[in-house]
Amino acid sequence: MIYTLTLNPAIDQLLFVKRDVKKRQANRIIRSEWDCGGKGLHVSGVLSQFSIKNEALGIVGSQNRAQLYGILSEKQIAHDFLVQQGERTRTSFVIISEESSGSIMMPESGFAISDANKIALLEQIRQKVTQEDMVVIAGSPPPEFTLADFETLLQTVKATGCFLACDLSGEYLRLAVKLGVDFLKPNEHEIQEILVEESATLTENMRELAKNIRYLVVSLGQHGSYCAHEGKVYRVIAPPVTEKSDTGAGDCFVGAFIAGISEHLPLPEILKRATGCSASKVMHADSSTFSLVEAEILKEQVTIIEVEEM
Ligand code: TA6
């Protein structure tokens, strides 16, 4: 089983505008849609599209639980959330302009998890997760979820002996590196937090970090990614696509990558599939839609080159 853990889920409110948002004028919303948000939920959505059994875990607020569950059932995402009474799962506003590509994402911070739910989450992990499972922890933790809380969480997951994948940033990313995990996917900015040797190149740094992280991917947006695994570093060049919204593209990559590992595919195939899926996602306006058919075609346009150090 693959469990995704989203400590701070969201409901994305997609706000479509005609032109790019500008100050001192009415930026009229021409339509608005809802989508699930929070990185672990998107990973779950991708796994479900690949028909890979998974369950989304995390903590949701009671107030808008029905709305979130409705979106999840449309996307066939199975879940076993803990519910915090009297709270509301945060909204993440995503502005998409018809005039230009890209999106503007503005997530609310979410509610603080109660001590009782922190304990219940650890208990749920101890009861559910076994050595054969994979756990994907993705997205920003909510307010007041301290680094010490996060360390307890990571140690609890690690104690099960499962495959642990993380998509984190800042001090949580640094902690994941320190404790050692099986998969990490910082982007080109987030990786700056964990460089071992600042004067060395990115790929030299990745080689060093990958001694402790089985699969280390650094995503470069439309330019593709680097991946370090078993002493080798690969440069992955993504196919050019017409971008509608980049929101959720990284999560789509992670979901497809984890799907590939769980199916024991060779690494070049995993990288091609994940890159094809995220390129397809970018062509769609919402936060989670991608097409398996488009991804199959785009996958064939992905180039992978092994990087040799000078
Ligand atoms: O990566 C896209 C996304 O999952 C959005 O759907 C949005 O809700 C946001 O990221 C949440 O990111 P955060 O880092 O705050 O967990």
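**View 1. The annotated domain, residues 8-286.** The unreviewed UniProt entry annotates residues 8-286 as "domain: Carbohydrate kinase PfkB". The model shown is predicted. Across residues 8-286, helix makes up 34% of the chain and strand 25%. The C-alpha atoms at the two ends of this stretch lie 19 Å apart.

**View 2. The ligand in its pocket.** The ligand takes up the space of the largest pocket. Three elements each give two or more residues to the shell around the ligand: β2 (10-17), α1 (39-49) and β6 (90-97).

**View 3. The shell around the ligand.** The ligand is surrounded by 14 residues. Asp12, Lys39, His42, Ser140 and Asp251 are the closest. Sorted by class, the shell holds 8 polar, 4 charged and 2 nonpolar residues.

**View 4. Side-chain contacts to ligand oxygen.** Lys39 places a polar side-chain atom 2.8 Å from an oxygen atom of the ligand. In the His42 side chain, an N or O atom lies 2.8 Å from an oxygen atom of the ligand. For Ser140, an N or O atom of the side chain is likewise 2.8 Å from a ligand oxygen atom. On its own, the ligand has 390 Å² of accessible area, and the protein covers 90% of that.

Methods:
Residues are numbered from 1 along each chain as its sequence is written. This is a predicted model: local features need pLDDT of at least 70, side-chain atom pairs count only at pLDDT 80 or more; totals for chains, interfaces and linings use all residues. Side-chain values use heavy atoms; hydrogens and water are left out. A residue is near a molecule or strand if one of its heavy atoms lies within 4 Å of it. A polar contact is a pair of N or O atoms within 3.5 Å; within protein, one must be able to donate a hydrogen and the other to accept it, and residues adjacent in sequence count only if both atoms are side-chain atoms. Accessible areas come from the Shrake-Rupley method with a 1.4 Å probe; for residues, only the protein chains shown count as cover. On a 1 Å grid over the protein atoms alone, a cavity is a set of points where a 1.4 Å probe fits but cannot get out, and a pocket is an open set with protein on both sides within 12 Å along at least five of seven lines; lining residues have an atom within 4 Å of a point. A molecule sits in a cavity or pocket if more than half of its atoms lie within 2 Å of its grid points. Helices (H or I, at least four residues) and strands (E, at least two) are DSSP runs, numbered from the N terminus. Ala, Val, Leu, Ile, Met, Phe, Trp, Tyr, Cys and Pro count as nonpolar, Asp, Glu, Lys and Arg as charged, and the others, Gly among them, as polar. UniProt positions are given in the numbering used here, feature names are shortened, and annotations may be inferred rather than shown by experiment.
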